[in-house]
Amino acid sequence: IYWQKQQLQQLHLKSTTSTTSTTSTTIDQIVHLDNIHIDSEITSSQQQPVMVLLHGHSMSAAFFYRNFDHYTSMGFKVYAPDLLGWARSSRPEFVSGQPDDSVQFFVDSFAQWVDELNLDNIFLVGHSLGSYVAYEYACNYPSKVKHLTLITPAAITRHVSWYRAFYFSLTPQRIARRLGLFGLILFFFKYPNTMEPYVRHNIRDYTWLLSAQNGYGSGDFAFSNMIQWTSPWEAQCRSPLLEKVKPLPMPVCLVGAAQDSLVSLDMVVQLFEAFAQIGNRCSLYSMNSDHCPHFEDAQTFASIMETEIRRCAPWIGKVF
């Protein structure tokens, strides 16, 4: 366990620092809340306004390391927390069986984190699961959010393929915790050396060690609770985004990915149309990438964000 903690610390430092960084450096800050803590990456610059980045399932704040420079160059101070139950944040055991409890598991702790840091007028960016959390937070605390960006958001439709349902129900973290070396082999099979962005700066090794930590099911169990099996071969999302769409006062930006194997571009288009139909100020962008466009093609994603920020917030200062 001591070796694992030392390895996590070393890999954390490597994976959250880009060797090409010229603009920003980040500091690691642990924010203590009621009986839990949220580990956070914060750019040391004192620039305003504030941008907050929320990572996806099985990931961490480190998956935004390729984006920090771009956002600080736009004039933002950037915060990237590890969501509750993931990465280096607290991992309280999740035991409830209600889908709303899954949502509140993430949203309530994030709201406490925002209040503890006294953040306001947030440019909120979420990826996958982080998009779901970001949307729920924007619905519950609209006065706190200035702009909302959802990157390949998870759980758009009620339908879930049996393969994905099995993956999220079994959870990669459970496999990592219980299968040892065999779990490591499966993990490296899923993320081979040819997937260059996932190998660079030790991101793959860091993610494996985070997934393999001892303990109870936490963030992974909270998310799997949102999957309901209706038969041995059929499953559904218990609380899809398309059934939760509502008017929002802030602009909403959707980013889909043409090669996404998890959230199809068609699903993102459906969500965009649902937002637009009820009068939300909404924009849609598409990238030729898989599920993590901000990570796989950071430069193209930065161009999209530059366009979006200029469109919605031209008052922000220098754009890189």
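A residue counts as buried here when its relative accessible area is under 20%. With that cut-off in hand, the predicted model can be looked at piece by piece.

Take helix α12 to begin with. It covers residues 298-312, 15 residues in total. From its first C-alpha to its last, helix α12 reaches 21 Å, which is close to the 21 Å expected at 1.5 Å a residue. Quite a few of its side chains are tucked away: Ala298, Phe301, Ala302, Ile304, Met305 and Ile309 are among the buried residues of α12. The buried set also includes two glutamates, Glu306 and Glu308.

Next comes a little sheet. Its 3 strands are arranged in the order β7-β9-β8, the sheet is open, and the pairing is antiparallel. β7 (159-160) and β8 (227-231) sit at the edges with a single partner strand each, so one side of each has no neighbour in the sheet. β8 is joined to β9 (residues 234-237) by 4 bridges, and these two strands run antiparallel. Within this part of the sheet, Trp229 stands opposite Ala235 in β9. The sheet has helical company too: helix α5 (residues 162-170) lies across β7, β8 and β9, and it runs at about 130° to β8.

What about the cysteines? Cys237 has a relative accessibility of 4%, so it counts as buried. Cys292 has a relative accessible area of 2%, so Cys292 is buried as well. As for disulfides, where a pair of cysteine sulfur atoms has to lie within 2.5 Å, the count for this model comes to 0.

Definitions and conventions. Residues numbered from 1 in each chain as written. Predicted model: local features only at pLDDT ≥ 70, side-chain atom pairs only at ≥ 80, totals over all residues. Heavy atoms only, no water. Expected span 1.5 Å × (residues − 1). Buried < 20%, exposed > 50% of the residue type's maximum accessible area, 1.4 Å probe, protein only. Pairing = 2+ DSSP bridges. Contact = heavy atoms within 4.5 Å. Axes fitted to C-alpha atoms, helices over the stretch in contact; angles between N-to-C directions.
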